[in-house]
Amino acid sequence: MNKKILSKVIIFLMFLTGLLTAQTLKDIKIYSDYSSGIDKRFLVWKAAGVGGGADINFELYEGLTLGISAGYQLFTINQDSVIQQLQWDFWEYRYKGNISVDLTDTTIKATLSPFEKMDVMPIKLNLEYNYSPVADLTITPSLGGGIIFYTRRIYIEETWSKYYPTVGYTFIYSYRNFAPFKSGNPLFISGGLNASYKLTELFSIYGGFNYNHIIATDGDFGYDIFPFKNYYSVKLGLTFMY
C-alpha cells in the first residue's frame, strides 16, 4: 500500500470538506442500497451486498451541486477455491504435521465449508446536475470518485467425525476456523442517475443507480485482492431539503 499517496488523498478530502462547509447546504440524502459485482476476479462467481449511507450536497451554482458521501455495504462473496486463490494458507499452518497423518485413518472424516464476507466503506466526492422535466420530479445525473475501505473476512465451518467400530459410536465435532483479515483501500470513479419526487417542501423520496469502476493500481491500495473490477448499486432513500 502506498501510504504517502493515501495520506495526500485524505488530506485533500479533508481540505475539500472544509471548503464545502463555506458553501450553501442544499440537501442531505439518507439511503439503503443493494450492490453487486460485475466483472469479477479470482474465480468469484457471485458478490452481492446490502447497506446504506448518506450524501451531503452543497450548491455551487443553480442546478449544480458538489457533495460528499459515505456508506457501508456488507458483501457475501461466493468463490471457487477461495483459500488457494488468495493464498489464505492459515489452515495448513495451524494443522501442519497433523492433518496429513490423521486423514490416513479411514475412520476419520472431515467436511470443510468456507464462508466469506467483505465489509466495504466507500467515501466519495460527487458532482451533480439537477433538472426538473415536470413539476416535483427531479432528474440528477452525477459523476464522482473516491476511496473504498474494505476488509475481507473468511472462516471455515469444519465438521470432523471419527468412527469407533469396537463400540459402534461416531464422535462429531464442529467449529469455525477464522482466518486473518485481508484489507485495502483502492480508488474508484463513479457515474450515476437519480430520480426524486418532492412529497413536501421539506423532503423528497428518491431512487438511484450507480456504476462504480475500481482504478487498477497493481501492487498498491489492496487492489490485487479486491474481488471485482467494477460493481453497480441500486439505492432508495429520502432527501431532506434545506
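This briefing covers aromatic contacts, charges over rings and a nonpolar surface patch. The model is predicted. A search of the whole structure finds 11 aromatic pairs. A nonpolar patch of about 780 Å² lies on the surface.

**Aromatic pairs**

- One of the pairs joins Tyr155 and Phe178: the ring centres are 5.3 Å apart and the planes meet at 40°, so the pair is tilted.
- Tyr155 belongs to strand β6 (residues 137-164) and Phe178 to strand β7 (residues 169-178), so their contact ties together parts 23 residues apart in sequence.
- Tyr155 is buried, because its relative accessible area of 17% falls under the 20% cut-off.
- Phe178 has 47% relative accessibility and counts as partly exposed.
- Phe75, Tyr150, Phe226, Phe228 and Tyr231 form a cluster linked by ring pairs.

**Charges over rings**

- Arg41 lies over the face of Tyr223, at 4.4 Å from the ring centre.
- Lys235 places its charged end over the ring of Tyr31, 4.8 Å from the centre.

**Nonpolar surface patch**

- The patch is made by Ile30, Tyr197, Leu199, Ile205, Leu236, Leu238, Phe240 and Tyr242.
- Strand β11 (residues 230-241) gives the most to this patch, with 3 residues.
- Ile30, one of the patch residues, sits in strand β1 (residues 24-37).
- The relative accessible area of Ile30 is 47%, and the residue is partly exposed.
- Ile30 can join a patch on accessibility because its 47% passes the required value of over 30%.

Note on methods: Residues are numbered from 1 along each chain as its sequence is written. This is a predicted model: local features need pLDDT of at least 70, side-chain atom pairs count only at pLDDT 80 or more; totals for chains, interfaces and linings use all residues. Side-chain values use heavy atoms; hydrogens and water are left out. Rings of Phe, Tyr and Trp (its six-membered ring) pair if their centres lie within 6.5 Å; planes under 30 degrees apart count as stacked, over 60 as edge-to-face and the rest as tilted. Helices (H or I, at least four residues) and strands (E, at least two) are DSSP runs, numbered from the N terminus. Buried means under 20% relative accessible area, exposed over 50%, partly exposed in between (1.4 Å probe, protein chains only). A charge sits over a ring if NZ of Lys or CZ of Arg is within 6 Å of the ring centre and within 35 degrees of the ring normal. Patches are made of residues with over 30% relative accessible area and no salt bridge: like charges are joined within 9 Å, nonpolar side chains (Val, Leu, Ile, Met, Phe, Trp, Tyr) within 5 Å. Accessible areas come from the Shrake-Rupley method with a 1.4 Å probe; for residues, only the protein chains shown count as cover. A salt bridge is a side-chain nitrogen of Lys or Arg within 4 Å of a carboxyl oxygen of Asp or Glu.
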